[in-house]
Amino acid sequence: MILVVGAGPIGIEMAIELSRRNVPFRIVEAGSTASTIEWYAPGTEIFSSPERIAIADIPFEPQTRKAFREDYLVYLRNVVRQFKLPIEHYRRVVRIEKSTADNFKVAIAPSSHGVGGPLEEAETPESFSDIETLEVEKIILAIGNLHVPQLSNVPGEDSTWVSHYMSEPHRYSGTRVTIVGSGNSAAEAAIRLYHVGAFVTLCHRNEGFRPKRIKPWLLPELENLIKEGKIQVVTNFQLKEITRSFTMGSNDREIVSIASDFVLLLTGYRQKTDLFDQLGVTLVDAQPIVDLNTMETNVPNVYVIGTAAAGTESGGVKTFIENAHVHVNRVLHALKLIERAHITLDRPVDEREI
Ligand SMILES: Cc1cc2nc3c(=O)[nH]c(=O)nc-3n(C[C@H](O)[C@H](O)[C@H](O)COP(=O)(O)OP(=O)(O)OC[C@H]3O[C@@H](n4cnc5c(N)ncnc54)[C@H](O)[C@@H]3O)c2cc1C
């Protein structure tokens, strides 16, 4: 029996390919189908072209050139239904250990949401009950890598008006919002919140935006809004403290206090490594090490696919849905289910697409 952990796009794609070959498997997901995409803010535009994030050769043709979060969720739901994929939703793998030379013992507990997103962040450590244990021979971890925010570790970060996630833009209409972050999420949030009538101050740690880190179609609009004074910007910003009324920090010249009703700290996310640690998977620089021909880790019969294989990414995101499809083929090949893995050259994704 094979256990696939995680029903994001790549876990689903893996499960479809196993089911197409009548291989016995189970797939468990701590939240809903594609729970990472579920927690994107409503109306988020997906930067990848639709055909590059289609899975298992099922066409994805939204009405607009770029798909939105909602289009992709509909697509993934329909693919899951079309293949009658037996995803066990709201079931979280909480422990995996070697039981015999050939088997792993896996503990699965009921879960109220996916691993990652604001609900995961708000959670106090769960004590799991109603645990089911099962024995499996092979484990495929498609668990993603956006599990918990990279914290700024400043006083006030845990206040209710501070978040590491943008939610429904309307919530911020008519309010003063300070956004801290230097990447795409911060740039996109600044533009979207300006358009719903928020008074936005964007604080980033560098001298200016790096074109390579921002979607090419966002940068001109952002630069214009800044030039016209519609979005305020603070460069070389070091965050120090957040109080009820102010976001406080400094840049290279002065102390900066920004009047704020809401603060969004969009400074990236990191991967939870508990399953890797329990299994003894080797991590180097927070990345699980796999054989790139098979996606198998140093623990025989444990595979890591999708963005999970990238670990916590720093200095720019390089693994996406579009360059992770090939992981599925590599596992199929390793399991001797296809003759050869597709010879897909991992196209280096332009950093601007991050
Ligand atoms: C705002 C935003 C926009 C993005 N836009 C794009 C884009 O345009 N293109 C792109 O390619 N990427 C984009 N990404 C990144 C994107 O989310 C990932 O590329 C995609 O979701 C990765 O798919 P995946 O299947 O590898 O992992 P995920 O989709 O992260 O799926 C992992 C799943 O595993 C589950 N899981 C984890 N641990 C356990 C456990 N212990 N037990 C059970 N289940 C578990 C999680 O709940 C989750 O559902 C974006 C991210 C954000 C935040």
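Here are some notes on the ligand site and the salt bridges in this predicted model.

1. **Who lines the ligand site.** The shell around the ligand counts 29 residues, and the closest are E29, T36, Y40, S48 and I321. By character, that shell splits into 17 nonpolar, 9 polar and 3 charged residues. If you're browsing the structure, E29 is a handy place to start, since it turns up again in the next point.

2. **Polar contacts to the ligand.** The side chain of E29 puts an N or O atom 2.7 Å from an oxygen atom of the ligand. T307 also uses its side chain: an N or O atom there sits 2.9 Å from a ligand oxygen. With A30 it's the backbone that takes part, with a polar atom 3.0 Å from a nitrogen atom of the ligand.

3. **How covered the ligand is.** On its own, the ligand would expose 980 Å², and the protein buries 91% of that. As for secondary structure, the elements giving two or more residues to the shell are α1 (9-20), α2 (35-38) and β4 (91-98).

4. **Salt bridges, starting with R26.** The structure has 14 salt bridges. In one of them, the side chains of R26 and E132 meet at 3.1 Å, N to O. This pair ties together distant parts of the chain: R26 belongs to strand β2 (residues 25-28) and E132 to strand β6 (residues 132-136), 106 residues apart.

5. **E132 has a second partner.** The E132 side chain also forms a salt bridge with R91, at 2.8 Å, N to O. Again the link spans distant parts of the chain, from E132 in strand β6 to R91 in strand β4, 41 residues apart. Is E132 buried, partly exposed or exposed? E132 counts as partly exposed because its relative accessibility is 24%, and the buried class needs a value under 20%.

6. **The wider network.** Which residues are linked with R26 in a network of salt bridges? They are E88, R91 and E132. As a general reminder, side chains of opposite charge can pair when their charged atoms come close.

7. **A pair elsewhere: R253 and E254.** The side chains of these two residues meet in a salt bridge at 3.9 Å, N to O; the cut-off for a salt bridge is 4 Å. On accessibility, R253 has a relative value of 65%, so it counts as exposed. E254 comes in at 42% and therefore counts as partly exposed. The dividing value here is 50%, with exposed meaning over that.

Key
Residues are numbered from 1 along each chain as its sequence is written. This is a predicted model: local features need pLDDT of at least 70, side-chain atom pairs count only at pLDDT 80 or more; totals for chains, interfaces and linings use all residues. Side-chain values use heavy atoms; hydrogens and water are left out. A residue is near a molecule or strand if one of its heavy atoms lies within 4 Å of it. A polar contact is a pair of N or O atoms within 3.5 Å; within protein, one must be able to donate a hydrogen and the other to accept it, and residues adjacent in sequence count only if both atoms are side-chain atoms. Accessible areas come from the Shrake-Rupley method with a 1.4 Å probe; for residues, only the protein chains shown count as cover. Helices (H or I, at least four residues) and strands (E, at least two) are DSSP runs, numbered from the N terminus. Ala, Val, Leu, Ile, Met, Phe, Trp, Tyr, Cys and Pro count as nonpolar, Asp, Glu, Lys and Arg as charged, and the others, Gly among them, as polar. Buried means under 20% relative accessible area, exposed over 50%, partly exposed in between (1.4 Å probe, protein chains only).
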